[in-house]
Amino acid sequence: MAKNPYVVKKQSISSRAARAMVDAAVEKAGEMGFAVTVAVCDESGVLKAYERMDGAPLVSVQLAQDKAHTAVGFGLSSDGWFDFIKDDAPLAMGAPAAVDRLVTFGGGYPVKVDDVLVGGIGVSGGHYTQDMEVAQAGLKALS
């Protein structure tokens, strides 16, 4: 059977995997003693799983989603964006202003399965280094 040249098949994170990542991240944040918001999006940047822990800051609601969106949008961690643009004045000035929802500090990671980008995870609620640790715990749920 010939492939249809007008159709593209995409691989995406499952709801089950996204929920497992959120649960692992929330558990890690609880162990660390602070409240976060965790967002997992699919390969298109659409929200797949989400939780705002009791006491998580209001601003973390949008930031967690934007960190996940940032990570999947270019297949690059949100903190990796800072390194990518910091020594390039036009990018450093232009990218954050021009790219909608771009976050250039830690807490967002691309989610890859068998080297295929299937989603993104974003965590917000602590210092960005804490958010990174919690997000990495979410990623470990898939290994």
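The following exercises, each with a worked solution, concern the predicted model shown above.

Residues are numbered from 1 along each chain as its sequence is written, and side-chain values use heavy atoms, with hydrogens and water left out. Because the model is predicted, local features need pLDDT of at least 70 and side-chain atom pairs count only at pLDDT 80 or more, whereas totals for chains, interfaces and linings use all residues.

**Exercise 1. The nonpolar core**

Task: Describe the largest nonpolar core and state which element gives the most to it.

Solution.

Step 1. A nonpolar core is a set of buried Ala, Val, Leu, Ile, Met, Phe, Trp, Tyr and Cys residues joined through side-chain atoms within 4.5 Å. Buried means under 20% relative accessible area, exposed means over 50%, and partly exposed lies in between (1.4 Å probe, protein chains only).

Step 2. The largest such core contains 24 residues. Those with the most contacts inside it are I13, V36, V38, V40, I121 and V134.

Step 3. Two or more residues come from each of α1 (15-32), β1 (37-42), β3 (108-113), β4 (116-124) and α5 (128-140). These helices (H or I, at least four residues) and strands (E, at least two) are DSSP runs, numbered from the N terminus.

Step 4. The most is given by α1, with 7 residues.

Step 5. To examine one core residue, take V40 and set aside its neighbours within four places in sequence. Its contacts (heavy atoms within 4.5 Å) then include I13, A18, M21, V22 and I121.

**Exercise 2. The buried side of helix α3**

Task: Determine which residues of helix α3 are buried and where they lie around its axis.

Solution.

Step 1. Helix α3 spans residues 78-85, and its buried residues are S78, G80, W81 and I85.

Step 2. These residues cover an arc of only 140° around the axis, so they are on the same side of α3. The arc is that of the directions from the helix axis to the C-beta atoms.

Step 3. The buried residues of α3 pack against α2, α4 (89-98) and β3.

**Exercise 3. Salt bridges**

Task: State how many salt bridges the structure holds, and trace those that involve R19 and K28.

Solution.

Step 1. Side chains of opposite charge can pair when their charged atoms come close. A salt bridge is a side-chain nitrogen of Lys or Arg within 4 Å of a carboxyl oxygen of Asp or Glu. The structure holds 7 of them.

Step 2. R19 pairs with D23, with the closest N and O atoms 2.9 Å apart. Both residues lie in helix α1, 4 residues apart, about one turn of the helix. R19 is partly exposed at 30% relative accessibility, and D23 is partly exposed at 39%.

Step 3. R19 also forms a salt bridge with E51, the closest N and O atoms being 2.8 Å apart. E51 lies in strand β2 (residues 47-52) and R19 in helix α1, so this pair ties together parts that are 32 residues apart in sequence.

Step 4. K28 and E133 meet in a salt bridge of 3.5 Å, N to O. Because K28 lies in helix α1 and E133 in helix α5, the pair ties together parts that are 105 residues apart in sequence.

Step 5. Salt bridges that share partners join R19, D23 and E51 into one network.

**Exercise 4. S124**

Task: Decide whether S124 is buried or exposed, and list its contacts.

Solution.

Step 1. S124 lies in strand β4.

Step 2. Its relative accessibility is 5%, so S124 counts as buried.

Step 3. Not counting residues up to four places away in sequence, S124 touches V36, T37, S60, L63, A64, K67 and D131.

**Exercise 5. Positive phi values**

Task: Locate R101 and D115, and give the phi value of each.

Solution.

Step 1. R101 lies in the loop between α4 and β3. Its phi is near 75°, a positive value in a residue other than glycine. R101 is partly exposed, with a relative accessible area of 28%.

Step 2. D115 lies in the loop between β3 and β4. Although D115 is not a glycine, its phi is positive, at about 65°. At 74% relative accessibility, D115 counts as exposed.
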